[in-house]
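This report describes the packing of a protein interior and the surroundings of a bound ligand. Please consult the sequence and the structure alongside the text.

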Amino acid sequence: MQTIKLNNGVEMPQLGYGVFQVSPDEAERCVADALSVGYRMIDTAQAYRNEEGVGRAIRQSGVPREEVFVVDKIWMSNYEGDAPMQSIDESLRKLGTDYIDLMLLHQPFGDRYNAYRALERALEAGKVRAIGVSNFYPDHLIDLCHFMDVVPAVNQVETHVFFQQVEARKYMDELGVRHMSWGPLAEGKNGFFTNETLAAIGAKHGKTGPQVALRYLLQRGVIVIPKSVRKERMEQNLQLFDFELTNDEMAEILKLDTARPLIMPSHHDPEITKMFMGFVPR
Ligand SMILES: NC(=O)c1ccc[n+]([C@@H]2O[C@H](COP(=O)([O-])OP(=O)(O)OC[C@H]3O[C@@H](n4cnc5c(N)ncnc54)[C@H](OP(=O)(O)O)[C@@H]3O)[C@@H](O)[C@H]2O)c1
């Protein structure tokens, strides 16, 4: 599996498997399938409520723990006071492991500085090997990097061919933060699975449109975590290392970028902020 080096020297697989919207029961079967077909990085979150299933699948897979890279995220209801560290301990317990490879703040709302300081302490204590953030826009990221001691290793943000995060990426590169995509298949929106540009390029390489889209992100240095509950699709989404897109093909796919989010409207939209506040009743 191709790896990418984080800013603290830790290597992580550039391609992994995500389990958003996978029920707790199904997560165990899905992660077992994902590991059996060759995935070595699993992306979960406290908010997905499937850490136990993920942990059971990893333990029962026969794959040594150190060969599986586990990504987890702290939910914003756990950002205040001692809650972040307590929630990390809870995640470790649910996953049945004594370390998490990469722990992220899931959202840039609430007491994120307190939560990030807890991540820094968890890093020092060896509970996590790397720390980072998710859904941070450039302004959030610049602010966090300025006031915290440890630069986030990654920022996991909505990224796919229709929203390529070209501007945000410039700031991530400047700050030394790796770009990790969520929704790399655009969750199928905007005709993703039947897109003609992707299909035509794929035909030249004996690949499908989705494989071309994932390969495109890999070639742009993005970490990707496509999700599927179906084993044959998990396999398809993994077969990305036996072909290479040309510069002309890369340029053609760049043109699909709308520079606007497709799945999750901007976090700078007040109505979206209100929606997120609704997730943390006070
Ligand atoms: N940090 C965040 O806020 C955040 C937000 C969203 C997601 N994520 C992470 O990113 C991961 C991936 O994003 P996502 O799950 O939202 O969306 P995605 O990976 O872009 O798309 C998943 C959808 O594509 C379908 N699919 C997968 N492979 C396919 C294939 N080869 N052919 C046809 N259909 C295919 C899946 O259906 P089936 O399952 O039925 O195959 C599912 O409906 C998540 O699982 C999660 O780990 C993070």
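The sections below treat the nonpolar cores and then the ligand site of this predicted model.

## Nonpolar cores

The largest nonpolar core comprises 72 residues. Within this core, the members that touch the most others are Y17, V31, L105, V161 and I253. A further core, separate from the largest, is formed by 15 residues, among them I4, M12, L104 and M180.

For V31, the contacts beyond four places in sequence are with Y17, V19, I42, V54, A57 and I58. Of these partners, Y17 is itself listed with V31 among the residues touching the most other core members.

## Ligand site

The ligand occupies the space of the largest pocket. Around the ligand there are 25 residues, of which D43, L185, E187, S228 and R233 are the closest.

Several polar atoms of the protein approach the ligand. An N or O atom in the S228 side chain is 2.5 Å from a ligand oxygen atom, and one in the N237 side chain is 3.0 Å from a ligand nitrogen atom. V19, a contact partner of V31, has a backbone N or O atom 3.3 Å from an oxygen atom of the ligand. On its own the ligand has 910 Å² of accessible area, of which the protein covers 88%.

Terms used. Residues are numbered from 1 along each chain as its sequence is written. This is a predicted model: local features need pLDDT of at least 70, side-chain atom pairs count only at pLDDT 80 or more; totals for chains, interfaces and linings use all residues. Side-chain values use heavy atoms; hydrogens and water are left out. A nonpolar core is a set of buried Ala, Val, Leu, Ile, Met, Phe, Trp, Tyr and Cys residues joined through side-chain atoms within 4.5 Å. Buried means under 20% relative accessible area, exposed over 50%, partly exposed in between (1.4 Å probe, protein chains only). Contact means heavy atoms within 4.5 Å. A residue is near a molecule or strand if one of its heavy atoms lies within 4 Å of it. A polar contact is a pair of N or O atoms within 3.5 Å; within protein, one must be able to donate a hydrogen and the other to accept it, and residues adjacent in sequence count only if both atoms are side-chain atoms. Accessible areas come from the Shrake-Rupley method with a 1.4 Å probe; for residues, only the protein chains shown count as cover. On a 1 Å grid over the protein atoms alone, a cavity is a set of points where a 1.4 Å probe fits but cannot get out, and a pocket is an open set with protein on both sides within 12 Å along at least five of seven lines; lining residues have an atom within 4 Å of a point. A molecule sits in a cavity or pocket if more than half of its atoms lie within 2 Å of its grid points.
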